[in-house]
Amino acid sequence: NGSGTLANAIKAIEYARKNGARILSNSWSGGASSELLRKAIEDTEKSGMLFVAAAGNTSNDNDVTGNFPASYPVSNVIAVSAIDNRGRLATFSNWGQKSVHIAAPGVNIVSTIPGGGYASFSGTSMATPHVAGAAGLMLAQNPNLTAAELKKRILNSARPLYGLKKRVITGGMLSAYHALSGVTPTADPNDPSRLKNVTSYSLSTDHNYEDGASLEHRIHIPGAKKIAVRFSQFSTEVGFDTVSFFDRDGLFVGALSGAQDIGVFSPLVFGDTVVIKFVSDESNNDYGFDVDAVLYE
């Protein structure tokens with residue numbers, strides 16, 4: 001039923017360890033830090049097992065508030081965030097620049113269900129098995145790989161994504177191809193910070209913006225093929241007050257919400273025009289945003 005006890009979690013880990021499992025896929029979390037659970041994971045480390053764990057689904061920074069078992073500082077643990085099909089961190093996913101290692105697909109993932117059939121689910125619990133599965137493929141290719149080698153190859157072969165910078169240790173998503181082939185992944189071609197041309201631009205909300213505020217603004221750069229907007233400040237009520245980005249034809253490209261790092265970029269928009277739409281709800285306003293530049297090619 002999607003719940004359980006700490007005691008049974010430890011029993012499950014011990015069962016896998018005693019029966020010679022090489023990889024543990026842990027799509028579960030909850031509760032405070034436990035020395036008993038940490039000891040069980042340390043035992044798997046000594047036994048040469050890889051411990052893949054879901055980062056959690058509460059939109060939190062695990063560097064600030066740990067989510068267990070993913071946040072135990074044991075060397076065989078890989079903590080996994082979730083991304084959507086655009087390569088963006090899922091809105092529900094926990095992250096951690098120092099404590100979450102990598103991201104994997106975790107939004108609308110089709111899976112088998114008890115009793116037969118299939119269903120679609122979202123969560124870091126859906127992202128975690130992608131990483132464990134890639135590790136399984138690597139062991140099938142080379143059964144002599146140690147847990148440390150599996151972890152190192154998975155992390156070193158992560159495909160860089162701009163949206164994962166300062167969100168996970170690798171700054172990238174799982175790539176089974178790169179992990180298995182040994183080919184080095186290239187830089188993210190859709191990283192807006194890599195655009196060559198920069199022009200100053202000024203656009204701001206009220207500070208603080210009002211409840212029920214709205215703003216729509218169109219930026220047109222003649223001849224541009226790619227555009228991104230840079231924010232010098234950005235802070236809105238996370239999940240409720242959102243800045244959305246559209247191309248010239250009205251196609252939704254992406255959105256930002258919450259407190260963002262200084263110098264954050266919009267998603268990359270293809271074409272010569274980006275449309276910015278900001279909408280807030282009727283409660284809990286915040287600073288808003290300031291645009292200071294437009295980048296383009």
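Where does Pro69 lie? In this predicted model, Pro69 is placed in the loop between β2 (50–54) and β3 (77–83). The peptide bond leading into Pro69 from Phe68 is cis, with omega near 15°. A cis peptide bond also joins His207 and Asn208, where omega is about -15°. Asn208 belongs to the loop between β9 (197–204) and β10 (214–220). For context, most peptide bonds are trans, and most residues other than glycine have a negative phi.

Positive phi values were computed for Lys166 and Asn284. Phi of Lys166 is near 60°, although the residue is not a glycine. Lys166 sits in the loop between β7 (159–160) and β8 (172–173). The relative accessible area of Lys166 is 49%, so the residue is classed as partly exposed, the exposed class being reserved for values over 50%. Asn284, also a residue other than glycine, has a positive phi of about 55°. Its position is in the loop between β16 and β17. With a relative accessibility of 52%, Asn284 counts as exposed.

Another loop residue is Pro222, located between β10 and β11. Pro222 is exposed, at 65% relative accessibility. The C-alpha atom of Pro222 is 5.9 Å from that of Asp272, and the two residues are 50 residues apart along the chain.

The packing of helices α3 and α4 was examined next. Helix α3 spans residues 124–141 and helix α4 residues 147–156; their axes come within 10 Å and cross at roughly 115°. The crossing of α3 and α4 is right-handed. On the α3 side, the contact is made by Val131, Ala135, Met138 and Leu139, and on the α4 side by Leu150, Arg153 and Ile154. Six of the residues in this contact are nonpolar, none is polar and one is charged.

Helix α4 also contains Leu155. Leu155 has a relative accessible area of 17% and is therefore buried, the limit for this class being under 20%. With neighbours within four places in sequence left aside, the contacts of Leu155 are Ile78, His101, Ile102 and Thr170. The C-alpha atoms of Leu155 and Gly172 are separated by 8.5 Å, with their positions 17 residues apart along the chain.

Aromatic contacts were searched over the whole structure, and nine aromatic pairs were found. A pair of aromatic rings is described by the distance of the centres and the angle of the planes. Phe246 and Phe252 form one edge-to-face pair, at 5.7 Å centre to centre and 65° between the planes. Phe246 is buried, with a relative accessible area of 16%, whereas Phe252 is partly exposed at 32%. The pair formed by Phe278 and Phe289 has ring centres 6.0 Å apart and planes at 90°; this pair is therefore edge-to-face, as the class requires an angle over 60 degrees. Phe278 lies in strand β16 (residues 273–279) and Phe289 in strand β17 (residues 288–296), so the pair ties together parts 11 residues apart in sequence. Both Phe278 and Phe289 are buried. Ring pairs further join Phe278 and Phe289 with Tyr209, Phe231, Phe234 and Phe245 in a cluster.

Charged side chains were also found over aromatic rings. Lys277 lies over the face of Phe246, at 4.7 Å from the ring centre. The charged end of Arg167 is positioned over the ring of Trp95, at 5.1 Å from the centre of that ring.

Ser235 is part of strand β11 (residues 226–235). Its relative accessible area is 17%, so Ser235 is buried. Apart from residues up to four places away in sequence, Ser235 touches Tyr209, Gly258, Ala259, Asp286, Tyr287 and Gly288. Among these contacts, Tyr209 is also a member of the aromatic cluster described above.

Key:
Residues numbered from 1 in each chain as written. Predicted model: local features only at pLDDT ≥ 70, side-chain atom pairs only at ≥ 80, totals over all residues. Heavy atoms only, no water. Axes fitted to C-alpha atoms, helices over the stretch in contact; angles between N-to-C directions. Helix = DSSP H or I, 4+ residues; strand = E, 2+ residues; numbered from the N terminus. Left-handed = near helix turned anticlockwise from the far one by under 90°. Contact = heavy atoms within 4.5 Å. Nonpolar A, V, L, I, M, F, W, Y, C, P; charged D, E, K, R; others polar. Phe/Tyr/Trp six-rings, centres within 6.5 Å; stacked < 30°, edge-to-face > 60°. Buried < 20%, exposed > 50% of the residue type's maximum accessible area, 1.4 Å probe, protein only. Lys NZ or Arg CZ within 6 Å of the ring centre and 35° of its normal.
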